[in-house]
Amino acid sequence: MTSAPFPDRPRVDAREKVLGQAQYAADVAVPGLLYAMLVPATIAKGSVRSVPVDAAMRVAGVVRVLTASDFPPPPAGGAGGPPPPPTITDQIAYRGQPVALVVAETLEAAIEGAEAIRPTYAAMAFVATIEGDGVEPQPVEPSTGGDADAAMARAVTRHEAEYVSPAQHHNPIEMLSTTAVWEGGVLTVYEGTQGSNMAKGALMRTLRLSADQVVVKSPQIGGGFGQKGGAQRQTAIVARAAMLLGRPVKLVVPRGQIFHNATFRPKNRHRIEIGADAEGRMIAVRYDADQQQSRQGQFPPAYHESPPMMYGIADYHGTAANLRIDTQAPGYMRAPTPHPSSFAFDSAVDEMAVKLGIDPLAFRLKHRATRDPIDDKPFSTHFLHECLTEGARRFGWDKRPLAAGATVRPDGTQVGWGVGCGAYPANVHPTIATLRIGADGTTRFAAAGHEMGQGIRSTIEQVLVRELAIDPAGLEIAIGDTSVAPQHVTAGSWGTASAVIAAERAAASAKAAMADLLAGRTPPAGNLHRQLATVRRPSIQVEVTTTGPGQGAKEVERLRQGGMAVSGPVYPQFTSFSYIAHFVEVHVEPRTRRIRVPRVVSVADCGRVISPRTAASQVRGGVVWAISACLREATEVDPRYGGWLNNDLADYVVAVNADIGEIDVAFVDQPDNMFNALGAKGLGEVAMTGCAAAVANAVYHATGKRLREMPFRIENLL
Amino acid sequence: MRSFGYTRPDSAQAAVAAFAAAGEGARYIAGGTTLYDLMKLDIERPAHLIDVTAIRGLDAIETGGDRLRFGALAPMSEVATNRTVLRDYPVLAESLAKAASQQLRNMATVGGNLFQRTRCLYFRNGAGGTSAGTTYPCNKREPGSGCAAIGGLDRGQAVLGQSASCTAVSPGDWPIALVALDAYVEILGAAGTRSLPVAELYRLPGNTPHLEFTLAPDEIVTAIVVPKTRAGRRSAYHKIRDRESYAFALASAAVALDMDNDTVRQARIALGGVATRPWRATAAEAALAGQRLTPDTAAAAGRAALTGAVPGRHNGFKIDLAQRTVADALLIAAKRTTA
């Protein structure tokens, strides 16, 4: 084992993707396939009175219409799937909830059949926005370190403001889909999911199946971003159809229905008060957050995950609350709470720097965190200052004028430079991996993990190729499949750290097995495959179980059962986070006030970088996401109707290539060996954090106007 | 989406005959970039499609003589990159290049683009298509059902030409430029041929927002004709939107200037993104005639262009934005050389 830097290697699946050959779940060819379409509810709350199916059944090719009576009653309790239970029920909790599934011989017939169904409803009054009447805050446990009230009383400079982040939808290009095959008493489901284990568990509970009756395969995901992390709304519905009909059924959920049925980033609000002492040092934070929530939703308002880990402010008091309304369940969307909380908090920090008349970079560098104030633990590693100083050097920050509005080009364009920082927990789950190396040149590594484009296969290959003399061309990395190894949800930036430590352990174990085989003889010439052939062994196979700090048999058993087995960021001896600093240049047009972002520099501390190429790509993606979240994206609700009004990719405006300028990415690349042997923390989520604040801070620096509600649109600067 | 009949005639006359033969529910289709979209949303429910793309000779681009003549089937991408259009009529080229995406421009025709329907969110959602999952009343979709945009989320709605029945914006870019240049269309129908100014193709919503075009159902546009003008070289299409590409206009302006040194002899100005039909801003044109073009007179023309604008709940900024867009468009166009 070594924690030396890793070399650049191409992404393992780049060629297939460029050639359009990569197989996604909905591409899997199944003979005898039927096609399905959901019928969405057209009320926002109430119950279904009737679902007349005659007109649909008259459409040529329609085979069957499934309604609520075709499903077992929902399982008790909310464990696992998003409420309401992911089948079809007659109780309507939100507009667009599925009320029927039409199954047909062709996709066209399924669509025509679905459109022919006009259910009748008993509608009820509903609340569709958090600004609506009768929304009661439901607080959760506060996050407290020290005595914020006492420290605030000592503060000589205070800043207080409210920041708002809108509801947003992930919109991965790969649609949600399920293909279900019921054969010989075994249900096989192909689905783009970040949690094949979660899908399996939901299928077992809702359809009353045993563990050996369900296999879920997620070959490759065309963008997950958290939307594909939990049990999906359509999975058990489609599986039930396949079981009732005895034929395979496929559903690709249309984009508009994804807006209505998938999880989303809830609207959230942040009231922040920061106090600074006479030396201009932040000493107290009082921070109240709340968020849009569904009636039974479980997505936690964890807005205090990251802000206390940034600047060493010992006295911190954070509250958070759910605001329950009639919507589908919100959920995890890239950098779920740290994106909006870092927008809010690092905007507030910037405002404090302005108030104190200090350069915002110098102000941040006055604050070095050494302990987690909430849990009172040391940090394993904390290289935020290194991110800031390297980023400033690359950006040329020393040429920045202090005053806002000071840089105006001859045509009247205002230029602003901003900095913003973020943090994200370093989490890990146990992994059970098998590694088989063949004399025929093949290698197969099977473990928990899901490839969603982040490059988890590339990181595993990187470690195996460095540690073992194997042929990468013959390497199969079997992940995302409940039949190859116990699976765990891949999210929260824990995928790579969990997978690569298993790969490293498996490689060490394989080396030991080879040494045993040689029993002291000098290894024959050639790579491991050649050596096996020389000693006339067809293959060697090893199995390893790896765990994170403080984890043991209990977590391993949870993994085997398909549950959540994640630890972090607080471990027995330390707290562990990844960090990033972003430097952003914005240009604001003189009259029509468009905001452009020609240049971003981002420097991340994710521990040891395992795959430089996919890591840089993750950071660029995070920056693009942040620019888009800050300047473009919002899902709109008309409170009179509920549902989502701009529910397609034309009207839900995401950033396009023309919106993105130069993005320069660098890494601290210092291993965190308290966290694991390779020193890898997480990256995909932290990449996005703090960048929206950097944009906001740059817009302030350009114009002198502070924008506190995303997205920033033309009318905000007119 | 439902089953429909399909015919692909090879001449314009045969297309008109096929339309008559198909009876109720017949629709012409060319590139299909609007019609398929609206069929998937269950807004358009044609019983029979007459595909005009096999008609020969209808895609010609002619730039000789005293006019530009674009066959209705010429792809948007071809007209946008035509050398004469690029050099002498940047307002036309830009209005096409700033619309849709390259892929859509390759499919969509300059004739079909004239009949693109509104992007009003309440119009597009709720016809019962499985892709949306929402239902909203809409007088345009279902006459007499009401207008959900009035009193709703109207950030994108019109501030000019709206009625108590409808505030939906006319979505085009290309028609705005054509209206500014006094273009007309050649039309073929069962009753024969006729021509009509592009500006007269479009109705105001009034009490009948479901009636959008003055074309008879059986008529097809066979060509678009733009009289040549020396103002073409000093022209621009300036489009302000929520992102840098692939979005409809919040406000746009098509302008063409005939100038004597820095004095405006004649200005042509039309607005997009803010009105219920392509909006010729005659008051702004009059305000500029005989004036020197300066940032101040450009701004005054912008204000004149929005004369009579009425804001809704969330779209008041569009009045200000459109005024600034007109002013910027004039200044951009004026800098262009006539040499």
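Let me start with Val415(A), which, leaving aside residues up to four places away in sequence, touches Thr407(A), Arg409(A), Glu585(A), His587(A) and Ala702(A). Please keep in mind throughout that this is a predicted model. Val415(A) sits in strand S20 of chain A, which covers residues 414-425, and it counts as partly exposed because it has 19 C-beta neighbours inside 10 Å, where 20 or more would be needed for a buried residue. Its separation from Ala404(A) is eleven residues along the sequence and 9.4 Å in space, taken from C-alpha to C-alpha.

From there I would like to turn to helix packing in chain A. Helix H15, residues 612-631, and H16 of that chain have axes that come within 8 Å of each other and cross at roughly 55°, which makes H15(A) oblique to H16(A). The crossing of H15(A) over H16(A) is right-handed. On the H15(A) side, the residues that meet H16(A) are Gly622(A), Val623(A), Ala626(A), Ile627(A), Ala629(A), Cys630(A) and Leu631(A), and their partners in H16(A) are Cys691(A), Ala692(A), Val695(A) and Ala696(A). Sorted by class, this contact holds ten nonpolar residues, one polar residue and no charged residues.

A second pair in chain A is formed by helix H5, residues 196-207, and helix H6, residues 235-245, which pack at an angle of about 60° with their axes 10 Å apart. By that angle, H5(A) is again to be described as oblique to H6(A), and the crossing is right-handed here too. From H5(A) the contact draws on Ala199(A), Ala202(A), Leu203(A), Thr206(A) and Leu207(A), while H6(A) brings Thr235(A), Ala236(A), Ala239(A) and Arg240(A). The classes in the contact of H5(A) with H6(A) are six nonpolar, two polar and one charged.

Let me move on to the contact between the chains. Chain A gives 39 residues to this contact and chain B gives 32 residues. If we look at the side of chain A that touches chain B, the elements giving two or more residues are strand S1 (34-40), helix H3 (107-115), helix H7 (255-261) and H17 of chain A. Which of the elements gives the largest share of that side? It is H3(A), with five residues. By class, the residues of chain A that touch chain B comprise 15 nonpolar, nine polar and 15 charged.

In chain B, I would single out helix H1, residues 12-22, in which Ala15(B), Val16(B), Ala18(B), Phe19(B) and Ala22(B) are buried. Viewed down the axis of H1(B), these buried residues fall within an arc of 160°, so they line one face of the helix. As a general reminder, an α-helix has 3.6 residues a turn, so residues three or four places apart point the same way. Gln13(B), Ala20(B) and Ala21(B), on the other side of H1(B), are exposed. What do the buried residues of H1(B) pack against? Their partners in chain B are strand S1 (5-7), strand S2 (26-29), strand S3 (48-51), strand S6 (184-189) and strand S8 (220-227). Just after H1(B) comes Gly23(B), whose phi is positive, at about 75°.

That brings me to the backbone geometry, where the background is that most residues other than glycine have a negative phi, and most peptide bonds are trans. Asp376(A) has a positive phi near 55° although it is not a glycine, and it lies in the loop between strand S17 (371-372) and strand S18 (377-378) of chain A. Ala100(B), likewise a residue other than glycine, has a positive phi near 55°, and its place is the loop between helix H5 (90-97) and helix H6 (102-107) of chain B. Are these two residues buried or exposed? Asp376(A) is exposed, with 12 other C-beta atoms within 10 Å, whereas Ala100(B) counts as buried, with 23 C-beta neighbours inside 10 Å.

Finally, there are cis peptide bonds to point out in chain A. One runs from Gly568(A) to Pro569(A), with omega near 0°, and Pro569(A) is in the loop between helix H14 (553-560) and strand S25 (577-588) of chain A. Another joins Met710(A) and Pro711(A), with omega about -10°, and Pro711(A) lies in the loop between helix H16 (691-703) and helix H17 (714-717) of chain A.

Terms used:
Residues are numbered from 1 along each chain as its sequence is written. Chains are lettered from A and ligands numbered from 1 in the order in which they are written. This is a predicted model: local features need pLDDT of at least 70, side-chain atom pairs count only at pLDDT 80 or more; totals for chains, interfaces and linings use all residues. Helices (H or I, at least four residues) and strands (E, at least two) are DSSP runs, numbered from the N terminus. Axes are lines fitted to C-alpha atoms, for helices over the stretch in contact, and angles run from 0 to 180 degrees between N-to-C directions. Angles under 35 degrees count as roughly parallel, over 145 as roughly antiparallel, 65 to 115 as roughly perpendicular and the rest as oblique. A crossing is left-handed if the near helix is turned anticlockwise from the far one by less than a right angle, and right-handed if clockwise. Two residues are in contact if their C-beta atoms, placed from the backbone, lie within 7 Å. Ala, Val, Leu, Ile, Met, Phe, Trp, Tyr, Cys and Pro count as nonpolar, Asp, Glu, Lys and Arg as charged, and the others, Gly among them, as polar. The arc is that of the directions from the helix axis to the C-beta atoms.
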